[in-house]
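Please read the following walk through one protein model with the sequence and the coordinates side by side. The account moves from one local feature to the next.

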Amino acid sequence: MQSKYVNVSVYPVDDSCGRLAGGSRACVLALAAIFGAAVGWLAWPHAIWLAPLALLLLPVLNKRHWLAPFALMFGYHLATTYGLIKGTSVFFLHSGLFLGIGFWSLSSLAFALPYLAYPYIALYFRGGGLAGGSLAGGGFGAVTATIITSAVSTILPPLGIIGWTSPWLGAVAAGPTGILLTILGIFALGCWEQKNQDIPVRLLMAGIVVFNVWLLGFAFPDLAERVPALDDMMGRPLPTAPAGWVGINTHLGRLRSNLSYIDASMELAPKVLADLRSGDKVVLLPETVAGPWLPGTRAIWRPVICWTARHPEQIVLLGADVPHGRTLRPAKGYLDALVKIQDGRQTVLPDHIPVPFSMWHPWRPQGSFRMAPFSRKPETTEIDGKKAGYLICYEQLLMWPALDLYPHGIQVLLAPANDWWARGTDIPAIQRASAKAWAAFFGVPVLFAVNR
């Protein structure tokens, strides 16, 4: 008697995946990792408009094997974050390469893990149950799975506090148009991967993808002429900073002790005072360059503070470690902050996300910096009649702090940093490209001040 039951695969992708031999499966996963690594290596830091290609490959590779999205993104993040190996060995002097390799590999693995859920999310949202789905459902499932998994991986805390080189940053740089084109491309490729399509439908989906690529020429005007230079963000130069706004770059290297911070302040304070006397309105200095903001440090900067009292239209933004917590000596913890010196007064502008492990180490509270990714105080301030947003060093690499600035309508982006530990790596260039991508998205100028 013939069975009335129909065999239905609960495999979250096409049944052909189940027929792949073990060697073929390994080949598919290896190719997915290679594709991801190629996209990451080509995109960061000088052509980040290529980064969304990793997102566009997700619905395509998902049909080949359910682990392919994971392998793709694992390869992508291994290629984009390899600078951690050398940077970690420089910061933690006695760690050697092993700690850096551990940070690099484990963080890449953490970024890729959410994509294990990609095929199941795509299946759930495509409609039509396990055995099929509508044309639009395939695209909708691909878009929903991509947004959810990428948001968990590199946007939303907790992974969002370490999730740098997000593939979405390449789309962000082109503004809302770039994001829309990326979503449309994912939708079209998700529909392309539906089974039992006739030729006209596949031609329509191919047309959508080609049309999106053509539209990139309008999102990035010089894309067809040259590979975008870092200083001209994807061929679309950013607005220039307001007249009289300057960022001071320094080459102080690693400041190892309180005495070295005092020496740095004694060197920088006269230079800043000279800039103010020459007529500069706003002077931005690098992150933590003043060290702990204690009475002795404030005394060194007293001439600058007094100058702003007599000239309230001039402002200094100084990177410092502001004591936080119980009033102990030494302080229990710190805020990684800009100290805004204006009208003879000092206002602390704290960041939300310091660097994990090196600055934020809750297992060792003494000397740890505050972590506040859900702080209700926006990273904005009023400067020279303009609303300025700021992203301090590590925050420039992330999506979450920048997204928090979006509702506030900033007019200038301040980007102080301290990159001495990343010398010889591409991390400073990635950081700069990320900050410029957000400035392009907001349509505002960005002002850098970096210590190397």
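In this predicted model, a convenient place to begin is E267, which is partly exposed, with a relative accessible area of 38%. Its partner is K271, and the two residues form a salt bridge in which the closest N and O atoms are 3.4 Å apart. K271 is likewise partly exposed, at a relative accessible area of 45%. Both residues belong to helix α11, which covers residues 258-277, and they are four residues apart, about one turn of the helix. An α-helix has 3.6 residues a turn, so residues three or four places apart point the same way. Side chains of opposite charge can pair when their charged atoms come close.

The structure holds two salt bridges, and the pair formed by R345 and D343 is one of them, with a distance of 3.2 Å from N to O. R345 is exposed, its relative accessible area being 54%, whereas D343 counts as partly exposed at 29%. The assignment of R345 follows because exposed means over 50% relative accessible area. D343 is placed in the loop between strand β4 (333-342) and strand β5 (345-350), and its backbone deserves attention as well, since phi of D343 is near 55°, a positive value in a residue other than glycine.

Another residue with an unusual backbone setting for comparison is T165, which is not a glycine and yet has a positive phi of about 55°. Most residues other than glycine have a negative phi, and most peptide bonds are trans. T165 sits in the loop between α7 and α8, and is buried, with a relative accessible area of 0%.

From T165 one can pass directly to T81, because T165 is listed with W104, S108 and W164 as the residues in contact with T81 once neighbours within four places in sequence are left aside. T81 is found in the loop between α3 (68-80) and α4 (83-91), and it is buried, with a relative accessible area of 0%. Where do the polar atoms of the side chain of T81 find partners? The side chain of T81 reaches the backbone oxygen of H77 at 2.6 Å, and it also makes a polar contact with the side chain of S108, at 3.3 Å.

The peptide bonds of the chain offer two further points of interest. A cis peptide bond joins W44 and P45, with omega about 5°, and P45 lies in the loop between α1 (22-43) and α2 (53-62). A cis peptide bond also joins P157 and P158, where omega is about 10°. P158 is found in the loop between α7 (135-154) and α8 (168-172), and T165, described above, is found in the loop between α7 and α8 too.

The last stop is helix α9, which runs over residues 175-192 and has 18 residues. From its first C-alpha to its last, α9 reaches 26 Å, close to the 26 Å expected at 1.5 Å a residue. Which residues of α9 are buried? They are G175, G178, L181, T182, G185, I186, A188, L189, G190 and C191.

Key. Residues are numbered from 1 along each chain as its sequence is written. This is a predicted model: local features need pLDDT of at least 70, side-chain atom pairs count only at pLDDT 80 or more; totals for chains, interfaces and linings use all residues. Side-chain values use heavy atoms; hydrogens and water are left out. Helices (H or I, at least four residues) and strands (E, at least two) are DSSP runs, numbered from the N terminus. The expected span of a helix is 1.5 Å times one less than its number of residues. Buried means under 20% relative accessible area, exposed over 50%, partly exposed in between (1.4 Å probe, protein chains only). A salt bridge is a side-chain nitrogen of Lys or Arg within 4 Å of a carboxyl oxygen of Asp or Glu. A polar contact is a pair of N or O atoms within 3.5 Å; within protein, one must be able to donate a hydrogen and the other to accept it, and residues adjacent in sequence count only if both atoms are side-chain atoms. Contact means heavy atoms within 4.5 Å.
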